[in-house]
Amino acid sequence: MSVLTAGPTSRSHTARLAVTPAVVAHRGASGYRPEHTLDAYRTAIRMGADAIELDLVPTADGVLLARHENELGLTTDVVARPELAHRRTTKVVDGETVTGWFSEDLTLAEVRTLTTRERRPGLRPGNTLHDGREGVPTLDEVLALVATESVRRGRAVGVLLELKSTAYFDGVGLPVDEPLLAALRRHGLDHARSGVTLMSFDAVVLRRLAPRTRVPLVQLLDVGDPVDAAALDAIEEYADGLGVHQELVLPRTAEGTLDAPTRLVRDAHRRWLDVHVWTLRAENHYLPADFRIGPDPAGLGDLGGYARAFLDAGVDGLITDHPDLALRTVAAAA
Ligand code: G3P
Ligand code: CA
């Protein structure tokens, strides 16, 4: 797709110059560092990632944190904090029963006492060397880091912000829209060329944000979500792009090998919707059978070859835990 994305549709598809195909570091360079740490983001930028991706959840006092989910036990040391033991509880979040410690029950001051740790120690044992080295970053801290790194490196680094569990947070009286837009304004980023993109699986929050910001909006789609003409027509009313599960573009056969591309990229581009795919990971465990190297699930397979298949399918962005490997593929394909 052209680097200038400007369509003639109802949201007037905010004109923006973007790097395409973009390599987006998913939760930072999370193949190499515990996810959603400043070190993970810095590592991704040092590797050359065009943008970083982060997920957002609020604290009890409405501060947005960079965390994939509001339950903090998987990626912090909260479980080892006796002073917070009484805050462990069970809730239903996005239809799932979850037990643990929740961001919306802790103040920022309490979250500041926690340190981060690797989510997948079995697959990524090397990352555990970085456990305990950092706290949980706030959105403000990440945006400040990106600004500093962009100046230092002389290039604009993009930021893809994903709003998590938005209906749930609406329900507990902590809607994320206002703190998010306020943060963008504080950092001078609430405009079409800021390099920030807002993403969500929740069409309700995206429709709510559409008249309130010129920042590009991306509808996330998972396997099983409708991607027919009616669905894409509806998305085009409020969004500028799609962030789709990799198998919606390149499905897998019954044997687990790569199948032929679907028509999704073509159908989206006809509506001036960009297409980013998530999440490309180098470990054999995550790769199609024909891109694995050796029997070890934690061993690295041919992510470059897999990424190349997505470039050939015409996608606009690769959201990946291993940005260095995807960047090599993009450079080779240029
Ligand atoms: O970029 C979209 C992708 O991050 C969605 O999946 O679960 O990693 O947030 P998840
Ligand atoms: Ca995400």
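This is a short talk on a predicted model, covering its ion site, its ligand surroundings, two helices and its nonpolar core.

I'll start with the metal. The calcium ion, ligand 2, has three protein donor residues: Glu53 and Glu162 through OE, and Asp55 through OD. The donors lie 2.1 to 2.2 Å from the ion. Along the sequence, the spacing of these residues reads E-x1-D-x106-E. Glu53 belongs to strand β4 and Glu162 to strand β8, residues 158–163, so the pair ties together parts that are 109 residues apart in sequence. Both Glu53 and Glu162 are buried.

Next, ligand 1. Which residues are found around ligand 1? They are His26, Arg27, Glu53, Asp55, His68, Glu162, Lys164, Met199, Phe201, Leu220, Trp278 and Ile319. So the list around ligand 1 includes Glu53, Asp55 and Glu162, which are also the calcium donors. Three polar side-chain distances to ligand 1 can be quoted. A polar side-chain atom of Arg27 is 2.7 Å from an oxygen atom of the ligand. For Lys164, a polar side-chain atom is likewise 2.7 Å from a ligand oxygen. For Asp55, the corresponding distance to an oxygen of ligand 1 is 3.4 Å.

His26 is another residue from that list, and it sits in strand β3. With a relative accessible area of 6%, His26 is buried. Its side chain makes a polar contact of 3.4 Å with the side chain of Thr279. Beyond its neighbours within four places in sequence, His26 is in contact with Glu53, Thr279, Arg281, Ile319, Thr320 and Asp321. That places His26 in contact with one of the calcium donors, Glu53.

Now the helices. Helix α1, residues 38–47, has seven of its ten residues buried. Those seven are Leu38, Asp39, Ala40, Tyr41, Thr43, Ala44 and Ile45. They pack against three strands, β3, β4 and β5, and against helices α3 and α10. After α1 comes Gly48, with a positive phi near 110 degrees.

Helix α7, residues 229–236, buries Ala231, Leu232, Ile235 and Glu236. Viewed down the axis of α7, these buried residues fall within an arc of 135 degrees, so they line one face of the helix. As background, an α-helix has 3.6 residues a turn, so residues three or four places apart point the same way. The partners of the buried α7 residues are β10, β11 and α8.

Strand β11 also holds Gly241, which is buried at 0% relative accessibility. Gly241 and Trp272 are 31 residues apart along the chain, and their C-alpha atoms are separated by 7.7 Å. Leaving out neighbours within four places, the contacts of Gly241 are Leu217, Val218, Gln219, Leu273 and Asp274.

Last, the core. How many residues are in the largest nonpolar core? There are 85, and the members touching the most others are Ile52, Leu54, Leu161, Leu242, Val249 and Leu318. Helix α9, residues 303–312, gives the most to this core, with six residues. Taking Leu318 as an example, and again setting aside neighbours within four places, its contacts include Val277, Leu280, Ala307, Phe310, Leu311 and Val330. Apart from the largest core lies another, of nine residues, among them Ala22, Val24, Ala51 and Leu220. Ala22 and Val24 are also among the contacts of Leu318.

Conventions: Residues are numbered from 1 along each chain as its sequence is written. Chains are lettered from A and ligands numbered from 1 in the order in which they are written. This is a predicted model: local features need pLDDT of at least 70, side-chain atom pairs count only at pLDDT 80 or more; totals for chains, interfaces and linings use all residues. Side-chain values use heavy atoms; hydrogens and water are left out. Buried means under 20% relative accessible area, exposed over 50%, partly exposed in between (1.4 Å probe, protein chains only). Helices (H or I, at least four residues) and strands (E, at least two) are DSSP runs, numbered from the N terminus. Contact means heavy atoms within 4.5 Å. Donors are N, O and S atoms within 2.8 Å of the metal (3.2 Å for Na, K and Ca); water is not among the atoms, so sites may look incomplete. The arc is that of the directions from the helix axis to the C-beta atoms. A nonpolar core is a set of buried Ala, Val, Leu, Ile, Met, Phe, Trp, Tyr and Cys residues joined through side-chain atoms within 4.5 Å. A polar contact is a pair of N or O atoms within 3.5 Å; within protein, one must be able to donate a hydrogen and the other to accept it, and residues adjacent in sequence count only if both atoms are side-chain atoms. A residue is near a molecule or strand if one of its heavy atoms lies within 4 Å of it.
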